[in-house]
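Let's take a walk through a protein model together. Have the sequence and the 3D view ready, and turn the model around as you read.

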Amino acid sequence: MKQNILLVDDDLDILSALKILLVPEGYQVNLCQTPESALAAIKKISFDLVLMDLNYSLDTTSGEEGLELIEAIRKLDDELPIVVMTGWATVEVAVSTMQNGANDFIQKPWDVDRLITIISNQIKLAKSEKNSQKLTQQNQLLQQHLDSEYQGEIISQSPAMQKTKALIEQVAQSNASILLTGENGTGKSMFARYIHQRSTRHSANQISVNMGAVTETLFESEMFGHVKGAFTDAKSTRIGRFELADGGSLFLDEIANTPYSQQGKLLRVLEEHQFEKVGASKTQSVDIRLICATNANLNDAVAAGEFRKDLLYRINTITIEIPPLRERKEDIVLLADSFLAQSASKHGQNKLSLNESAKKALTAYDWPGNIRELNHVIERAQILCSGNEICVDELGLSDKRALDESSTSAGGQSEVFDSKELLSLADLELAIIDQRLTHFDGNVLKAAKSLGMSRSAFYRRLDKI
């Protein structure tokens, strides 16, 4: 794609000469003769650099009009490179232009090689700084999502999971929007990563957003970004999640918790593939593959007036339900073994194994917290076990049926176990949260309110267990 330069000078001969010089160098050139027309162009078009005169028709020597134009451009775009040119060059003028926000300065008549070098260097520098900022934010976001869930191949020995995996493999390489549904803890975020890894966009980034943790007041800034000075705390320009995901995949977790007042803005971006940063008037295009997840019934949310029907149609081109762990019991021991390996590596320990009683207890347990709960149980057992094998009491399961089945597994010998003594605070919190979510049919806001917590605090607590 050609780099786009805006030339601003009241002398048409100067503009023509610059165009003749720059077009053969591979640049796309736009011409303006007044500061007003230049500002109008910047509001509509994305430029890679502005090359502008300091003096215009109202004042041909002081440079005041040019300095005012620089200041006005900086209010529109804090990162756009500005190179100033004038026939009235002094050290004072050069310093003044730089203080007002110009990136470089050249005197008329210009040296052709120097002018081309300045333009090239300033564009490269701006792109490098923007890429660095984007990479920093991407790394921060990606680090936040490097959790302990299984991140390799899907473990799918069970018929339920084999069927789900076959559907995922079938749709992964398309660009269709995918909605992942299922109970809390079934691994929807892991499946979103798996879909991205199997897609044609795998070499680009997948950016994840927990929609339940995005406050209504910061929704636009978080999703679309903002420019410096857009609001009181906007100390610098911020790149939004859509821009970070450009060319890759955007995963919107807990999509049902998107504030209703913001759903229309989200829909507009998904339909038009365009957005504006907060405080900016310039429209940006974006190319993302959308993956969403929820544990709520979105049709019920639509009926209750909590979720837009047109947004639902936009995100659920293909719906994939992730089965709960109790419906894929053939996978439980295999998953547990995988989690043991991960935990051992994480904590610098030798990988342990499960004895037969422990395996039977894991298989018999109903797993209300699904894979998240299994991972937590296995990690704790790996850390606390004092021997080479993990037994039932080191699992800390509280399900009586699971314990009863495991207690008769070794020649009818009973294993002494007091579940109340082994439950940790994290176990209790997980059980309470799961109970409230079940009671309120997956409605996070109602569950949080019932515990006297805000929605964002509720999600922070859930992420810690």
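We'll start with the whole chain, then visit two sheets and some of the helices around them.

First things first: this is a predicted model. The protein chain holds 21 helices and 16 strands, so don't worry if the picture looks busy at the start. Of its 465 residues, 49% are buried. How much of the contact in this chain comes from residues 24 or more positions apart? Among contacts with a separation of 6 or more, such residues account for 70%.

Now find the sheet that includes strand β1. A bit of background helps here: the strands of a sheet pair through backbone hydrogen bonds, and they can do that either parallel or antiparallel. In this open sheet there are five strands, in the order β2-β1-β3-β4-β5, and the pairing is parallel. Which strands stand at the edges? They are β2 and β5 (104-107), each with a single partner strand, so one side of each is left without a neighbour in the sheet. Going from one strand to the next, the twist averages 20°.

Let's zoom in on β1, which covers residues 3-8. Is this strand mostly covered or mostly open? Five of its six residues are buried, so "mostly covered" is the right description, given that buried means under 20% relative accessible area. On one side, β1 pairs with β2 (residues 27-32) in the parallel sense, over six bridges. Look for L6 in β1 and you'll find its bridge partner in β2, which is N30. To get from β1 to β2, the chain passes through helix α1 (residues 12-22), and this β-α-β crossover is right-handed.

β1 also pairs with β3 (residues 49-53), again in the parallel sense, this time over four bridges. Here the residue to look for is L7, whose bridge partner in β3 is L51. Check L7 against β2 as well, and you'll see it standing opposite L31. Helix α3 (residues 64-76) packs on this sheet, where it touches β1, β3 and β4 (82-86). The direction of α3 makes about 160° with that of β3.

While you're at α3, pick out K75, which lies in this helix. Is K75 buried or exposed? With a relative accessibility of 62%, K75 counts as exposed, because the cut-off for exposed is over 50%. K75 is also a nice example of how a chain folds back on itself in space: K75 and G229 are 154 residues apart in sequence, yet their C-alpha atoms are 8.1 Å apart.

Time to move to another sheet. This one is also open, with five strands in the order β7-β10-β13-β6-β14 and parallel pairing. At the edges stand β7 (206-210) and β14 (318-321); each has a single partner strand, so one side of each is left without a neighbour in the sheet. The twist averages 20° from one strand to the next here. Follow β7 to strand β10 (residues 249-253): the two run parallel and are joined by five bridges. One pair to spot is V209 and its bridge partner in β10, L252. Helix α7 (residues 188-197) packs on this sheet, touching β6 (178-181), β7, β10 and β13 (289-294). The direction of α7 makes about 150° with that of β6.

Helix α7 has a helix to pack with, too. Its axis and that of α6 (residues 159-171) come within 10 Å and cross at roughly 40°. The two helices are therefore oblique to each other, and their crossing is right-handed. Which residues make the contact? From α6 they are M161, K165, I168 and E169, and from α7 they are F191, Y194 and I195.

Our last stop is another pair of helices, α13 (residues 332-347) and α15 (residues 370-384). They pack at an angle of about 50°, with their axes 9 Å apart. That angle makes α13 oblique to α15. The crossing of α13 and α15 is right-handed. On the α13 side, the contact is made by residues including I332, L335, F339 and L340. On the α15 side, you can look for I371, L374, I378 and I383, among others.

Terms used:
Residues are numbered from 1 along each chain as its sequence is written. This is a predicted model: local features need pLDDT of at least 70, side-chain atom pairs count only at pLDDT 80 or more; totals for chains, interfaces and linings use all residues. Side-chain values use heavy atoms; hydrogens and water are left out. Buried means under 20% relative accessible area, exposed over 50%, partly exposed in between (1.4 Å probe, protein chains only). Two strands pair if DSSP finds at least two bridges between them. A crossover is right-handed if, with the strands pointing away from the viewer, the path from the first strand over the helix to the second runs clockwise. Axes are lines fitted to C-alpha atoms, for helices over the stretch in contact, and angles run from 0 to 180 degrees between N-to-C directions. Angles under 35 degrees count as roughly parallel, over 145 as roughly antiparallel, 65 to 115 as roughly perpendicular and the rest as oblique. A crossing is left-handed if the near helix is turned anticlockwise from the far one by less than a right angle, and right-handed if clockwise. Contact means heavy atoms within 4.5 Å.
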